[in-house]
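Hi everyone, thanks for coming. I'd like to walk you through one chain today, so have a look at the model first and then we'll go through it piece by piece.

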Amino acid sequence: MNHPILAQIVPQVAALSDRADKMKMVSKLSTLSIDKSASKIQAAFRKHQARLKLKKQAAWQIHEKLEYSSEQTEAKLKDMFEKLIKASDTLSPSVTKLLHKAGLPVEEKELLRLTNPDNIRIDPSYRGPHIEGPITRKVFVNLIEAFQRGQVLHEKYVCEILHQARAILKTIPNFNHVDLSNLRHVFIVGDLHGQLADLLHIFNSNGLPSTDNAYIFNGDFVDRGRNSVEVILLLMVALILYPSSVFLNRGNHEDIMVTVRYGFHNEINHKYRTRKAPLVDLFKDIFSWLPLYSYVDAGKNKIIVMHGGISDKINLKKLNSLARNRYVSIEVPPESKSGGKRLTDEEDNEYHQIQDLFWSDPDPRGRKGCRKNDDRKMACFFGADVTHQFLKKYNLSMIIRSHQVKQDGYEYNHGGKVLTVFSASNYCGGSNWGAVVRWDYNEEEPWIISFKTQGLDIEKLSFSKQVTLFEDPAYHSLIEKIMTNKTALLKQFAKADIKKDDHLPLTTWADIMSDVLQIDLPWLILRTKLVKEDANGILYQTMFNDYILDNPKFQMSNAGIMEDLYMWKDMLLALFNLIDYNHSGFISRNEFADIIKLILYGENAAGDVNDAYVEELTSAMDFDKNGKIDFNEFLESFRIVNVKKPQQVNEEPVVKNKSSRNNGTTAEHKVRV
């Protein structure tokens, strides 16, 4: 039953128009004679709609590819850590210590001491919500209302919630067993990524979690959105209240190394400056205790729910018996139980199974078997035959997974045996729908509920504006990637320019773009937005005319060094936060030099490092020449600047994720597929 307060969370559901394909409505043309002019108008409109659909599909492909390419840093870090741990004898003691620190669980006694809520004082000036006594359903609703108003919960209460949830998580096996013969139905929620409005809409539409209203939250609660703290706290409160009907699966973003780059880490630093280090460690520990997957006994159907997917290596018996809290980060291998520096073959197989469970995707080309995931550079693509064999082996009916944004919020693969559900609508400034799956006991198929929370009514915008709003964030990311690879691109362009006239054939230019940037995009379609051309081909130099990579504090004679630092910024950030154990925002020049050496060791199999190059990078980063590196200053001062079209003073920027308050509109539809 919906709480009356929740009715205010999301405004009246908007009437849907132009969604015939989703509502299963059928529009019948009149059987009477139609005027020829009307027929022409209809034909022109259909052509226009078809062109618009193709443009949306192209924009969506760009969005997906860039999303995956941004996650390739995870694969690079994982490979680098594995390589360096094996060669740790050749590294300095400080670097070796850094490597092992990344994969170690938090020390229990120290964690409890630093995050004990009884030792945390509340300042009289605090005006946020309070939790007096035990956590109840009333507390749950009060927190929802407070978070909706934009209030931040005091760290005392954050620690109280997290410790109660942690105690429950430590008692749960490696997988959740969801028995619908008792629960009758379950809602399965995909990626939320810190988008509070989507979570509140789901609760408002489908009811708060309760003993008779079960939920599975399938990972990726945090990162990207600006309310990751609030989202995960509400999920932890739900778990505390209803541990027998609220089930949490771990996703690939429930990994402290990943959160460093995608927002959650910075959100904690911003909201809890006085206690950020202990809270980061507490979340790090809780992530490691989240169950790996859920098994749903739905009567006629047996369903497995995991965040990413499967591979031909997945062994559920093995996954059910491993010590899951050893895997603090999926990017960094845990220490071997044998005491050696390298994992045993059995441990290595276990480690890669965890990666596959959190990171794999159905093969986008419909190929059989398992192969390397070329988009993410992590885990694998799995084919329909792998799905069939897995389901047969474990007597399962279907795989429900998340991990991939979908235009409609959901998508079927492998003959209907794999269902992807993604619950963050308008993800990263896009225009996708979110979705939730409901499965009832003894039903053959699920209900799929698609929705969209938005501050802007996209259905009422012009056709061109729809595409522009969707394309913009992806286009900016693409420009950033091009500018950070400018030197490498120009080198390859010049090498292929046989006539030395600054022209290249279209296909040659497109091939170089794919090879250098390592993104398989429809470059020939995109070329009009990136570069000029004439009758002789692509004028490749013009691709860099409108933008520069700028940092007013970073004066370098070698532009290539600036590009290197910007290209490495995600890896630099991850390694920086490992060294900066107290999260002060500063490290020494020597420590920064160790970071650069780590990256160079990882990229150069021979282990050769140019000390002069390291010194030049380190000196350039010491802006104030005080022996310290302020990494936040470094990140904030780098900009890709449009030198020809500066933003006007009165220009309204596109607002991303404008979804945390109730001043938007909501659309929803429910279908039985």
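Let me begin with a pair of helices. The axes of helix H12 (residues 264-271) and helix H13 (residues 276-289) come within 9 Å of each other and cross at roughly 145°. The crossing of H12 past H13 is right-handed. On the H12 side the residues that meet H13 are Phe 264, His 265, Ile 268 and Asn 269, and on the H13 side they are Lys 276, Leu 279, Val 280, Phe 283 and Phe 287. Sorted by class, this contact has 6 nonpolar, 2 polar and 1 charged residues.

A quick word on terms and on where this comes from. The model is predicted, with pLDDT of at least 70 needed for local features and 80 or more for side-chain atom pairs, while totals for chains, interfaces and linings use all residues. Numbering starts from 1 along each chain as its sequence is written, and side-chain values use heavy atoms, without hydrogens and water. Helices (H or I, at least four residues) and strands (E, at least two) are DSSP runs numbered from the N terminus. Contact means heavy atoms within 4.5 Å. Axes are lines fitted to C-alpha atoms, for helices over the stretch in contact, with angles from 0 to 180 degrees between N-to-C directions. Right-handed means that the near helix is turned clockwise from the far one by less than a right angle. For the classes, Ala, Val, Leu, Ile, Met, Phe, Trp, Tyr, Cys and Pro are nonpolar, Asp, Glu, Lys and Arg are charged, and the others, Gly among them, are polar.

Back to H12: how many of its 8 residues are buried? The count is 6 (buried being under 20% relative accessible area with a 1.4 Å probe, protein chains only). They are Phe 264, His 265, Glu 267, Ile 268, Asn 269 and Lys 271.

Now to the sheets, where two strands pair if DSSP finds at least two bridges between them. One open sheet has 6 strands in the order S1-S5-S6-S10-S12-S11, with mixed pairing. Its edge strands are S1 (175-179) and S11, each pairing on one side only. On average, neighbouring strands here are turned by 20° against each other, direction ignored.

Please find strand S12 (residues 418-421) in that sheet. Strand S10 (residues 398-401) runs parallel to S12, joined by 3 bridges; Ile 399 stands opposite Val 418, and Ile 400 has Leu 419 as its bridge partner. Strand S11 (residues 410-413) pairs with S12 in the antiparallel sense over 4 bridges, with Tyr 410 partnered by Val 421. In the hairpin of S11 and S12, 4 residues lie between the strands, and His 414 takes a positive phi near 55°.

In a regular strand, side chains alternate between the two faces of the sheet. In S12, Val 418 and Thr 420 are buried on one side, and Leu 419 and Val 421 are buried on the other. Helix H16 (residues 384-393) lies across S6 (302-305), S10 and S12, at about 115° to S10.

There is also an open sheet of 3 strands, antiparallel, in the order S15-S17-S16. S15 (503-504) and S16 (532-534) each have a single partner strand, so one side of each lacks a neighbour in the sheet. S16 and S17 (residues 537-539) pair over 3 bridges, and Lys 532 stands opposite Leu 539.

To zoom out, the chain comes to 25 helices and 22 strands, and 55% of its 673 residues count as buried. Thanks, everyone!

Conventions
Buried means under 20% relative accessible area, exposed over 50%, partly exposed in between (1.4 Å probe, protein chains only).
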